Every structure is written in structure tokens, then in C-alpha cells.
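Hi everyone, thanks for coming. I'd like to walk you through one protein model today, so please have a look at the screen.

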Amino acid sequence: MRALASVAFCLALVACAGDAPEQSDWERAHEALNWQESRVALPVQPRSANLVEFEVDGGADFHFLVDASTLTVGSDGVVRYVLVARSPEGAENVSFEGLRCRDGEYKIYATGSGNGTWLSTREARWRPVEQSAGSWHKTLANDYFCPAKEPIRTIAEGVDALRRGGNPRAGELRRGP
């Protein structure tokens, strides 16, 4: 009888341990007020061998690439990476950026100079990710690094998503039940 009661208790615990309840508006606001960004160190300049291209709908003829060796997921929930935007003529814009998935924001920390160094961005601040065609921030957030507005779980997940052409979790979540 006692064993049966223990089994019933364990089953009740498992039944109650489902998904965490959704946060209230107050909890989300309180969390946002207490959020602090981690210290950020500038990464090395991108290397061709580490660049993984991804497609941006409406991105004209530009090629967009992420240096997979610079991809990080901070304890603050920010996904950071080095982006290379290459024109059809071969000119490159290099930037060190971050995506704050839960809030749908991005930040450019620094841009690459022609001599292999970084130029810190003046007034670097969080901005909303534009949801228009041609926005690489939208593509990286929605399709690769922020499925359901949650940061990727690991660096390997992000690199795999880049190599596959998208994050499988993003596709599942968009289709719904």
C-alpha cells in the first residue's frame, strides 16, 4: 500500500512538472528592468575559412556571411557574432553585432576597418529588428538564432542552423501545432 502511495505521489509530481507557466506582464517588465548586459570583448577579425553564408530574402545581390568562430550566446541571453556583407563587386562591410532575442532588438558594437582593426560604434544602442525584406537582422533572428524569440541553446545549434539554411526549431514553431 505504501509503495502504491509513493508511485501515485511521483506520478502527481511528474504531472505538475509540465511546462513552466507563462510569465505575467509584471514579471516580464520586472525582468526587463533588472536585465544587465554582459561585458563584451571585441572578437578577432573574420577569417575566410570560418565564414558561413546565409540567404536574406530581398537582400539584393549582397552575400551575407557569419564568422562561425565568433558566435557566442551570452549569460545575458544575447547572441553575438561577426557579420560580413559582401557586395557583388567584392567590397565588404564587417560588423560585430548582437541580437537580444526576447526583445527583438539588435546592437552593432563595432565595425571593421580596412586595416584589420575594430572601430567601436559611437552611441551603440539596442534598436528594434526591422521586419522588412532585406533585413539580415530579421533573417538571423527569425530563421537562425532566435527561434520563438528565445536565444539558441548552444553555439553548435547556431552553427548548425547556418550550415543547414535555418534553425529547425524556427520552422516547427512557425508551423504551430
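Let me start with what I count as an element: helices are DSSP runs of H or I with at least four residues, strands are runs of E with at least two, and both are numbered from the N terminus. On that basis the protein has 5 helices and 7 strands. Reading from the N terminus, the order is α-α-β-β-β-β-β-β-β-α-α-α.

Please keep in mind that this is a predicted model. How confident is the predictor? The mean pLDDT is 82, and 77% of the residues reach 70 or more. Residues 3-20 are another matter: pLDDT stays under 50 there, and the model has 0 contacts for them beyond four places in sequence. Residues 173-177 also have a pLDDT below 50, although that stretch does have 4 contacts beyond near neighbours in sequence. Where pLDDT is low, the predicted coordinates should not be read in detail. I'll leave those two stretches there.

Now some overall numbers. Of the 177 residues in the protein, 36% are buried. The exposed surface comes to about 11400 Å², with carbon and sulfur atoms supplying 53% of it. If we take contacts between residues at least 6 apart in sequence, 44% of them join residues at least 24 apart.

On to the inside. In soluble globular proteins, nonpolar side chains tend to be buried together. Here the largest nonpolar core has 24 residues, and the ones with the most contacts inside it are Phe 54, Tyr 81, Leu 99, Leu 140, Phe 145 and Leu 162. Which elements supply at least two residues each to this core? They are strand 1 (51-54), strand 2 (63-73), strand 3 (78-86), helix 3 (136-145) and helix 4 (155-164). Apart from that core there is another one, of 11 residues, including Val 78, Val 84, Ala 110 and Trp 126.

If you want one residue to click on in the largest core, try Leu 162. Setting aside residues up to four places away in sequence, Leu 162 touches Val 52, Glu 53, Phe 54, Val 66, Leu 140, Tyr 144 and Phe 145.

Let's turn to charges. Side chains of opposite charge can pair when their charged atoms come close. Searching the whole structure gives 9 salt bridges, and I've picked three to show you.

The first on my list is Glu 37 with Lys 107, where the closest N and O atoms are 2.8 Å apart. Glu 37 sits in the loop between helix 2 (25-34) and strand 1, while Lys 107 is in strand 5 (residues 105-112), so this pair ties together parts 70 residues apart in sequence. Glu 37 counts as partly exposed because its relative accessibility is 27%. Lys 107, with a relative accessible area of 10%, is buried.

Next comes Arg 80 with Asp 76, with 2.7 Å between the closest N and O atoms. Are these two buried or exposed? Arg 80 is buried at a relative accessible area of 5%, and Asp 76 is buried at 11%.

My last pair is Arg 169 and Glu 157, with closest N and O atoms 2.9 Å apart. Arg 169 belongs to helix 5 (residues 168-175) and Glu 157 to helix 4, 12 residues apart. Both of these residues, Arg 169 and Glu 157, are buried. As for shared partners, salt bridges join Glu 37, Asp 76, Arg 80 and Lys 107 into one network.

Asp 76 deserves a second look. You'll find Asp 76 in the loop between strand 2 and strand 3. Its side chain reaches the backbone nitrogen of Ser 38 at 2.8 Å and the backbone nitrogen of Val 78 at 3.1 Å. Beyond neighbours within four places in sequence, Asp 76 is in contact with Trp 35, Gln 36, Glu 37 and Ser 38.

One more stop: Lys 149, in the loop between helix 3 and helix 4. Which residues does Lys 149 touch, not counting those up to four places away in sequence? They are Cys 101, Arg 102, Asp 103 and Gly 104. The C-alpha atoms of Lys 149 and Cys 101 are separated by 4.9 Å, although the two are 48 residues apart along the chain. Lys 149 counts as partly exposed, because its relative accessibility is 46%.

That's my tour, thanks for listening!

Conventions: Residues are numbered from 1 along each chain as its sequence is written. This is a predicted model: local features need pLDDT of at least 70, side-chain atom pairs count only at pLDDT 80 or more; totals for chains, interfaces and linings use all residues. Side-chain values use heavy atoms; hydrogens and water are left out. A nonpolar core is a set of buried Ala, Val, Leu, Ile, Met, Phe, Trp, Tyr and Cys residues joined through side-chain atoms within 4.5 Å. Buried means under 20% relative accessible area, exposed over 50%, partly exposed in between (1.4 Å probe, protein chains only). Contact means heavy atoms within 4.5 Å. A polar contact is a pair of N or O atoms within 3.5 Å; within protein, one must be able to donate a hydrogen and the other to accept it, and residues adjacent in sequence count only if both atoms are side-chain atoms. Accessible areas come from the Shrake-Rupley method with a 1.4 Å probe; for residues, only the protein chains shown count as cover. pLDDT is the predictor's confidence in each residue, from 0 to 100. A salt bridge is a side-chain nitrogen of Lys or Arg within 4 Å of a carboxyl oxygen of Asp or Glu.
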